[in-house]
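Thanks for coming. I have one structure to go through today, so please bring it up on your screens.

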Amino acid sequence: MNIFKNKQTHEYKEKERYRLRNARIWGYKLGKKYGISEKVAKANAWADGHRRKTAGILFSVNFCIYLIGFLLCMSDESNSSSIKDPMQDFAQVQPIFSQLHHIQNMKEIEKNTFVKLSDRVVTLKHEVDSLMAKTDKTHADSVQALAKYEELKTLMGKTE
């Protein structure tokens, strides 16, 4: 599902034009059926002739709507009891922040462990190289070189 539609494509523009055309046709048919355009023209003609009455009616209706809304907001008993301390919501977020801090600390530990392991790998590589470069190796040197090489393979994750 593509939520970011490209509104510049030809297909999108065609669909939009088709949708708007159908909406206009539907609106036109509905207006013709109920004679809405005639009623609107008649109401506009009356409002032009009676400007003060029109303003009074609009003011009264708006005032009544605001008054009813105000009274409904003030009379609601359950709404006034549900007002809480805003810091209480912050307290519920606190465990999330502690978990984020824990995750950050674990990332730091993982990073430090990785750095230590990479340092150990470099050290083992130099030791193995120095043991292999010896000209007069003993059996113990060879065993030690093989052991360090196995450890190096384990650290590198290369098991064959």
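I will start with the overall layout, then go to one helix, its salt bridges, and a patch on the surface.

This is a predicted model. The mean pLDDT of the protein is 85, and 84% of the residues reach 70 or more. Confidence varies between elements: helix α3, residues 51-75, has the highest mean pLDDT, at 93, while helix α4, residues 77-81, has the lowest, at 55. Where pLDDT is low, the predicted coordinates should not be read in detail. I will leave α4 aside for the rest of this talk.

Now the layout. The secondary structure comes to six helices and zero strands. Read from the N terminus, the order of the elements is α-α-α-α-α-α. The protein has 160 residues, and 8% of them count as buried.

Next, please find helix α6, which covers residues 139-156. It has 18 residues, and from its first C-alpha to its last it reaches 26 Å, close to the 26 Å expected at 1.5 Å a residue. Which residues of α6 are buried? They are Asp141, Ala145, Lys148, Leu152 and Lys153. These residues sit on the same side of α6, because they cover an arc of only 145 degrees around the axis. On the other side of the helix, His139, Ala140, Leu146 and Thr154 are exposed. After α6 comes glycine 157, and its phi is positive, near 80 degrees.

Two of those buried residues carry charge partners, so let me turn to salt bridges. Side chains of opposite charge can pair when their charged atoms come close. In this model the count comes to seven salt bridges, and I will show three of them.

The first to look at joins lysine 148 and glutamate 127, whose side chains meet at 2.3 Å, N to O. Lysine 148 lies in helix α6 and glutamate 127 in helix α5, so the pair ties together parts that are 21 residues apart in sequence. Lysine 148 counts as buried because its relative accessibility is 16%, under the cut-off of 20%. Glutamate 127, at 24%, counts as partly exposed.

Another salt bridge is formed by the side chains of arginine 120 and glutamate 151, at 3.0 Å, N to O. What does this pair tie together? Arginine 120 belongs to helix α5, residues 86-133, and glutamate 151 to helix α6, so the parts being tied are 31 residues apart in sequence. Arginine 120 is partly exposed, at 33% relative accessibility, and glutamate 151 is partly exposed too, with a relative accessible area of 31%.

The last one I will show is between lysine 134 and aspartate 141, where the closest N and O atoms are 3.4 Å apart. Lysine 134 counts as partly exposed, at 38% relative accessibility. Aspartate 141, at 13%, counts as buried.

Finally, the surface patch. Phe59, Phe63, Leu67, Phe70, Leu71 and Met74 form a nonpolar patch on the surface. Together they have about 680 Å² of accessible area. Take phenylalanine 63 as an example, which lies in helix α3. Is phenylalanine 63 buried or partly exposed? It is partly exposed, because its relative accessible area is 48%, which falls between the cut-offs of 20% and 50%.

To recap, the model is predicted and has six helices and zero strands. Helix α6 has its buried residues on the same side, and salt bridges tie it to helix α5 through lysine 148 and glutamate 127 and through arginine 120 and glutamate 151. That is all I have.

Terms used:
Residues numbered from 1 in each chain as written. Heavy atoms only, no water. Helix = DSSP H or I, 4+ residues; strand = E, 2+ residues; numbered from the N terminus. Expected span 1.5 Å × (residues − 1). Buried < 20%, exposed > 50% of the residue type's maximum accessible area, 1.4 Å probe, protein only. Arc of directions from axis to C-beta. pLDDT = per-residue confidence, 0-100. Patch = residues over 30% accessible without salt bridge, like charges linked within 9 Å, V, L, I, M, F, W, Y side chains within 5 Å. Areas by Shrake-Rupley, 256 points an atom, 1.4 Å probe, with all protein chains shown as cover. Salt bridge = Lys/Arg side-chain N within 4 Å of Asp/Glu carboxyl O.
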